[in-house]
Every structure is written in structure tokens, then in C-alpha cells.
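Open the model in a viewer with side chains available. The tour below goes from one selection to the next.

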Amino acid sequence: MVAAALAALAHAAPDASAHTSHAARAHAAAATEAAAVSCAGSNTISFSPGLSLPARRTRIGGGGAYTCLSTDPALRSGVSSISGGGWNGCFFSDATTAERITWNTGEQTTVVYRLGNVQQAAGQAVVLVVGRVVKGKFKGHTVASPGLQLTLDPLKCLSKRGVELITGPSTLVIV
């Protein structure tokens with residue numbers, strides 16, 4: 001009977017180690033999800049209608065490209081698409097935007113930015129937006145994205161069409 005019990009334990013040992021190995025892999029995956037990410041790159045943002053002196057309801061679109069450092073060594077870069085809307089002008093911004101990032105690993109992250117400080121100075125946007133990952137990799141994490149997007153012709157704020165495009169450096173920090 002003792003021999004049968006030892007044989008049963010020996011036969012069960014590979015299953016137990018497989019379970020431990022699976023648990024270790026799950027723990028490693030969870031640690032990767034908790035990884036801090038810091039990216040630098042640039043964004044190009046379009047406004048329709050364009051930014052003008054008085055704020056008006058606008059649609060926002062655009063995209064970005066980032067090079068990243070992460071505690072996840074596989075994650076090195078990402079490209080994004082940006083969409084949203086709100087009240088925007090050359091000296092004022094109150095909008096909600098979403099940024100969908102596709103990482104070089106093929107994984108995706110969707111960030112919604114609801115809190116922000118966007119200082120508009122004649123079409124030159126100094127941006128600090130804070131959001132939360134609502135879907136995909138890093139779900140639930142906080143995101144900060146400071147940047148400086150410039151227009152080449154700030155006098156367009158005075159025109160009927162307004163400033164339709166701003167572009168410049170941006171960062172993306174996920175904690």
C-alpha cells in the first residue's frame with residue numbers, strides 16, 4: 001500500500017510541477033502588466049472645424065508614434081490613433097479624447113483622457129493630459145501625456161477656417 005501511494009505521488013509530481021510552472025507564468029504575465037512605460041515621440045492633431053479665437057465645438061483626430069523604455073523588454077515602440085471632441089479654441093480647450101496605441105508586440109491599449117491642462121497660446125498648445133487605460137494592455141493604469149504641439153501659422157486663429165493642424169513632440173508615461 002505504501003508503494004502504491006509513493007507511485008501515485010510520483011505520477012502526480014509532473015502535474016504539480018506543470019501547475020507550478022503555469023502559476024509562475026501567470027505571475028510573470030501579471031508582473032509584465034504592471035510594467036512602467038515611458039515613451040517619447042510626436043503627435044499630429046487635426047481639428048474640425050479649426051481652432052479660432054472663440055472656442056467652438058470641434059472634432060479631434062490624429063495620431064502619434066513613440067519610442068519606449070519599459071520594464072517589459074519586449075515593448076519598444078508604439079503607434080497611435082487619436083479621436084475625440086469638445087470645446088476648443090486658440091486660447092481654450094475642454095475636450096475628451098481617446099488614444100488607441102498599437103505596440104510593437106501587437107498588443108493594444110486604449111486610453112481615455114478626461115483630465116487635462118491644455119494651454120492654448122495663439123494655436124500653440126502646451127498639453128498635459130491625464131487619463132486611464134480603459135481597454136487592453138495595462139488596463140486600469142494611469143497615463144500622463146505632456147507635449148508641445150505647434151502650428152506653423154498662428155495667425156490662422158484669426159481666419160474663418162482657423163488652425164486645423166498642430167504637430168510636435170509628445171511623451172507617454174504609463175504607471
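Which cysteine does a disulfide join to Cys 39? Select Cys 39 and Cys 68: a disulfide joins the two, with an S to S distance of 2.1 Å. Bear in mind that this is a predicted model.

Look along the S-S bond of this pair. The link of Cys 39 and Cys 68 is right-handed, with 105° about the bond. Colour the strands next: Cys 39 sits in β1 and Cys 68 in β2, so the bond ties together parts that are 29 residues apart in sequence. With a surface switched on, Cys 39 is buried at a relative accessible area of 3%, and Cys 68 also counts as buried, at 7% relative accessibility.

Keep both cysteines selected and add Val 37, Trp 103, Phe 138, Val 143 and Leu 172. These residues, together with Cys 39 and Cys 68, touch the most other members of the largest nonpolar core, which has 15 residues. Where does this core draw its residues from? At least two come from each of β1 (37-51), β2 (56-70), β4 (92-103), β5 (108-121), β6 (124-136) and β8 (163-174).

Centre on Trp 103 and show its contacts, leaving out residues up to four places away in sequence. Both cysteines of the pair, Cys 39 and Cys 68, are among the residues that Trp 103 touches. Other contacts of Trp 103 include Val 37, Leu 75, Phe 138, Leu 172 and Ile 174. Trp 103 also touches Ser 77, Gly 78, Gln 108, Thr 109 and Lys 137.

Now select Leu 51, Cys 157, Val 163 and Ile 166. They are among the nine residues of a second, separate core.

From there, stay on Cys 157 and add Cys 90. How many disulfides does a search of the whole structure find? The search finds two, and one of them joins Cys 90 to Cys 157, with an S to S distance of 2.0 Å. The torsion about this S-S bond is about -100°, so the disulfide is left-handed. Cys 90 lies in the loop between β3 (77-89) and β4, and Cys 157 in the loop between β7 (142-149) and β8, so this pair ties together parts that are 67 residues apart in sequence.

Are Cys 90 and Cys 157 buried or exposed? Cys 90 counts as buried at 0% relative accessibility, and Cys 157 is buried with a relative accessible area of 4%.

To finish, select the bonded cysteines together. Counted along the chain, they follow the pattern 1-2, 3-4.

Terms used. Residues are numbered from 1 along each chain as its sequence is written. This is a predicted model: local features need pLDDT of at least 70, side-chain atom pairs count only at pLDDT 80 or more; totals for chains, interfaces and linings use all residues. Side-chain values use heavy atoms; hydrogens and water are left out. A nonpolar core is a set of buried Ala, Val, Leu, Ile, Met, Phe, Trp, Tyr and Cys residues joined through side-chain atoms within 4.5 Å. Buried means under 20% relative accessible area, exposed over 50%, partly exposed in between (1.4 Å probe, protein chains only). Helices (H or I, at least four residues) and strands (E, at least two) are DSSP runs, numbered from the N terminus. Contact means heavy atoms within 4.5 Å. A disulfide is a pair of cysteine sulfur atoms within 2.5 Å.
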